[in-house]
Amino acid sequence: MRAIPLLTLLLSGWFIVPAHADEAQDWLKRLGQAEQTQSFHGTFVYERNGSFSTHNIWHRVQDGKVQERLLQLDGSAQEVVRIDGHTQCVSGTLMAGLGDSPNSAARALDPQKLKNWYDLAVIGKSRVAGRSAVIVSLTPRDQHRYGFELHLDKETGLPLKSLLLNDKGQLLERFQFTRLDTAEVPSDSDLQAGSECKPINLDSDKASAVKTAQVWHSDWLPPGFELTSSNSHKDPDTKVQVNSLMFDDGLARFSVFLEPLNGATVTDTRTQLGPTVAVSRRLTTPQGEIMVTVVGEIPIGTAERIALSMRNDAAATNKQ
């Protein structure tokens with residue numbers, strides 16, 4: 001990602017003492033409430049690893065339900081529809097490009113928890129998509145997570161711009177509105193998925209998911225990260241049962257996938273695309289060899305350490 005003039009502005013506030021931490025916490029609370037209370041529609045730009053895409057978004061809060069539709073405007077009409085944060089359908093590779101949300105900040109945040117792992121500060125003002133904004137920085141207290149610059153709409157608290165930076169101040173990812181309308185509530189037709197948007201089957205083996213959480217654990221996790229969910233599903237191609245664990249520090253998150261190799265020959269890998277890393281390592285257990293893959297928006301060295309620290313409680317029991 002290249003935005004040298006902007007980096008000068010960002011870095012000027014990146015290492016300041018967070019004298020306005022209380023004010024920053026108030027803004028983060030507003031951000032957490034905004035997505036659950038404010039309807040809007042608009043257009044945003046998503047940039048990662050030097051690649052740009054433009055998207056329309058419709059977000060409606062009605063009768064306690066949050067409905068959202070994203071439509072990519074570049075190339076094929078890729079889209080995703082969500083209700084209360086759960087994906088209903090998806091087309092093309094939009095899901096892979098944006099993950100479960102176009103903006104990592106657009107989730108309920110707990111400032112009291114975050115301040116243990118990030119320095120929070122209000123570092124200035126800006127103007128995005130013709131709207132006045134307040135700039136809030138979240139600077140990590142260790143090397144195991146990235147920092148954020150959030151430009152929050154003064155009127156609603158919605159995120160107008162989100163910048164993800166590494167420890168060197170390099171811009172890894174940008175989410176930025178170019179147009180935002182908070183006055184008009186999206187209609188049913190606005191939220192209607194296109195014919196190419198294929199339903200997502202979220203059914204999983206809940207018993208296996210519980211067993212996954214009981215059997216697998218990590219000998220080491222970055223401070224603040226906790227297990228938030230576990231899942232188990234059958235790979236449609238290999239027919240192998242794949243277990244997954246998701247960890248979260250209240251802002252950053254990563255997933256760990258555990259797949260039996262069943263004699264397959266694979267090599268260890270480590271890749272990074274913008275802020276997203278994927279590290280795969282083989283792990284030997286009494287049940288056979290397992291491929292452990294860590295995927296998330298965390299530094300690659302942290303992902304590597306997590307992958308190597310995964311343990312099977314059954315293996316530990318056998319050693320006793």
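Start with the disulfide: select C89 and C197 and look down the S-S bond. The torsion about it is about 95 degrees, so this disulfide is right-handed. The two sulfur atoms sit 2.1 Å apart, and the count for the model, which is a predicted one, comes to one disulfide. Now color by secondary structure: C89 belongs to strand β5 (residues 86-90), while C197 is in the loop between β10 (171-181) and β11, so the pair ties together parts that are 108 residues apart in sequence. Switch on a surface and you will find both C89 and C197 buried.

**Zoom out to the whole chain**

Show everything as a cartoon. The protein chain carries seven helices and 19 strands. Of its 320 residues, 50% are buried. Its exposed area is about 15500 Å², with carbon and sulfur atoms supplying 50% of that. If you like contact maps, take the contacts between residues at least 6 apart in sequence: 55% of them join residues at least 24 apart.

**Select the open sheet**

Next, pick out the 11 strands that form an open sheet, and walk across them in the order β6-β7-β8-β9-β10-β1-β2-β3-β4-β5-β11; the pairing is antiparallel. Which strands stand at the edges? They are β6 (118-128) and β11 (198-199); each has a single partner strand, so one side of each is left without a neighbour in the sheet.

Inside the sheet, stop at β7 (residues 131-140) and β8 (residues 147-153). These two run antiparallel and are joined by six bridges. Select L138 and you will see F148 of β8 standing opposite.

Then move to S51, which is found in strand β2 (residues 51-62). With 45% relative accessibility, S51 counts as partly exposed. Draw a distance from its C-alpha to the C-alpha of E173: the two residues are 122 apart in sequence and 9.7 Å apart in space.

**Select the nonpolar cores**

L138 comes back here. In the largest nonpolar core, which has 40 residues, the members that touch the most others are L28, V136, L138 and V256. A second, separate core has 15 residues, including F40, V80, V128 and A133.

Center on V256 and show its surroundings. Apart from neighbours within four places in sequence, V256 is in contact with N243, S244, L245, F247, V292, T293, V294, I306 and M310.

**Follow I306 into helix α6**

I306 leads you to the next stop, being one of the buried residues of α6. Select residues 300-309: seven of the 10 residues of this helix are buried, so α6 is largely enclosed by the rest of the structure. To see them as sticks, pick I300, T302, A303, E304, I306, A307 and S309. What do these buried residues pack against? Their partners are β12 (216-218), β15 (253-260), β16 (269-273), β17 (276-285), β18 (288-296) and β19 (310-312).

**Finish with the salt bridges**

The count for this model is 15 salt bridges, and a few make good stops.

- **R69 and E79.** Their side chains meet with N to O at 2.8 Å. R69 is in strand β3 (residues 65-72) and E79 in strand β4 (residues 79-83), 10 residues apart. Are the partners buried or exposed? Both R69 and E79 are buried.
- **K168 and D167.** In this salt bridge the closest N and O atoms are 4.0 Å apart. K168 is exposed, with a relative accessible area of 64%, and D167 also counts as exposed, at 60%.
- **R311 and D219.** Here the N to O distance is 3.2 Å. R311 lies in strand β19 and D219 in the loop between β12 and β13 (226-234), so the pair ties together parts that are 92 residues apart in sequence. R311 has a relative accessible area of 32%, which makes it partly exposed.
- **R131, D153 and E155.** Select these three together to see a network of salt bridges. R131 and D153 also bring you back to the sheet, where β7 covers residues 131-140 and β8 covers residues 147-153.

Technical notes. Residues are numbered from 1 along each chain as its sequence is written. This is a predicted model: local features need pLDDT of at least 70, side-chain atom pairs count only at pLDDT 80 or more; totals for chains, interfaces and linings use all residues. Side-chain values use heavy atoms; hydrogens and water are left out. A nonpolar core is a set of buried Ala, Val, Leu, Ile, Met, Phe, Trp, Tyr and Cys residues joined through side-chain atoms within 4.5 Å. Buried means under 20% relative accessible area, exposed over 50%, partly exposed in between (1.4 Å probe, protein chains only). Contact means heavy atoms within 4.5 Å. Helices (H or I, at least four residues) and strands (E, at least two) are DSSP runs, numbered from the N terminus. Two strands pair if DSSP finds at least two bridges between them. Accessible areas come from the Shrake-Rupley method with a 1.4 Å probe; for residues, only the protein chains shown count as cover. A disulfide is a pair of cysteine sulfur atoms within 2.5 Å.
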